[in-house]
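Let's take a walk through a protein model together, starting with the overall picture and then stopping at a few residues. Keep the structure in view as you read.

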Amino acid sequence: MALSGSTDYSVNRNQLINAAMRIINVYTEAYTPSAFEVSSASETLNLLLKAKQADGLQLTTRKLKSFSLVSGTASYTLGTAGTVVISRPLRILGITLKNTSDGTETQLIPMSRTDYHSLSTKATAGLPSQYMYDAQLTSGVLYFWPVMNT
């Protein structure tokens with residue numbers, strides 16, 4: 001089986017509405033829906049998604065992001081107003097620390113909030129081996145332990 005290699009496929013609202021209308025034979029490629037039809041379909045799509053969320057379906061995306069750790073910095077605020085300007089993730093599935101000098105990669109171990117807060121020496125310096133992500137309301141905070149020192 002061939003793979004595209006693409007990890008960022010996305011469809012916007014109008015593309016989804018147009019595809020759905022073609023599937024149910026409402027219009028062909030030559031027909032463009034009116035503003036009212038798009039608005040009505042958008043309202044129906046929103047209601048459908050809200051109903052599915054009430055049933056437990058969570059619509060999320062997975063993204064691979066990278067940023068550099070700063071020596072002596074134990075926490076990074078994730079969000080548009082944070083120290084790392086990326087969208088605030090709901091959760092982090094894994095973190096790999098890449099050594100830029102030799103290219104080796106180390107998978108970091110996730111910690112629970114209880115485990116992180118029970119550390120008596122959060123400022124211990126070294127090469128990070130663990131992390132804890134606190135997904136707060138407006139921005140998330142990512143903690144590394146031990147704290148990077150280079």
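Before we start, remember that this is a predicted model. Let's begin at a proline. Pro146 sits in the loop that runs between strand E7 (140-145) and strand E8 (147-148). Look at the peptide bond leading from Trp145 to Pro146: this bond is cis, with omega near -10°. That is worth a pause, because most peptide bonds are trans.

Now step back to the whole chain. How many helices and strands are there in the protein chain? There are 3 helices and 8 strands. If you follow them along the sequence, their order is α-α-β-β-β-β-α-β-β-β-β. In other words, two helices come at the start, then four strands, then another helix, and then four more strands.

What about the overall dimensions? Along the principal axes, the C-alpha atoms of the protein chain fill a box of roughly 65 × 35 × 30 Å. The radius of gyration of the chain is 22 Å, whereas a compact globule of 150 residues would have one near 15 Å. Buried residues account for 25% of the 150 residues. The protein chain exposes about 11,300 Å², and 54% of that area comes from carbon and sulfur atoms. Take the contacts between residues at least 6 apart in sequence: 43% of them join residues at least 24 apart.

Next, consider charge. The protein chain has 12 positive and 9 negative charges, and the mean positions of the two groups are 4 Å apart. Side chains of opposite charge can pair when their charged atoms come close. How many salt bridges does a search of the whole structure find? The search finds 1. The partners are Arg113 and Asp134, whose side chains meet at 2.9 Å, N to O. Arg113 belongs to helix H3 (residues 113-117) and Asp134 to strand E6 (residues 130-135), so this pair ties together parts that are 21 residues apart in sequence. Are the two partners buried or exposed? Arg113 is partly exposed, at 45% relative accessibility. Asp134 is buried, because its relative accessible area of 9% is under 20%.

Asp134 also leads us to another residue. Ser139 touches Asp134, as well as Thr77, Leu78 and Arg88, leaving aside residues up to four places away in sequence. You can find Ser139 in the loop between E6 and E7. Its relative accessible area is 18%, so Ser139 counts as buried too.

For our last stop, move to helix H2 (residues 35-54), where you will find Val38. Val38 has 15% relative accessibility and therefore counts as buried. Which residues does Val38 touch, not counting those up to four places away in sequence? They are Arg13, Asn14, Ile17 and Pro33. To get a feeling for distance, compare the positions of Val38 and Ala125: they are 87 residues apart in sequence, and their C-alpha atoms lie 56 Å apart in space.

Ser39 is found in helix H2 as well. This serine is partly exposed, with a relative accessible area of 43%. From Ser39, look along the chain to Ala51, 12 residues away: the C-alpha atoms of these two residues are separated by 18 Å.

Notes: Residues numbered from 1 in each chain as written. Predicted model: local features only at pLDDT ≥ 70, side-chain atom pairs only at ≥ 80, totals over all residues. Heavy atoms only, no water. Salt bridge = Lys/Arg side-chain N within 4 Å of Asp/Glu carboxyl O. Buried < 20%, exposed > 50% of the residue type's maximum accessible area, 1.4 Å probe, protein only. Rg over C-alpha atoms; globule rule 2.2 N^0.38 Å. Contact = heavy atoms within 4.5 Å. Areas by Shrake-Rupley, 256 points an atom, 1.4 Å probe, with all protein chains shown as cover. Lys, Arg positive; Asp, Glu negative; His and termini not counted. Charge placed at Lys NZ, Arg CZ, Asp CG, Glu CD.
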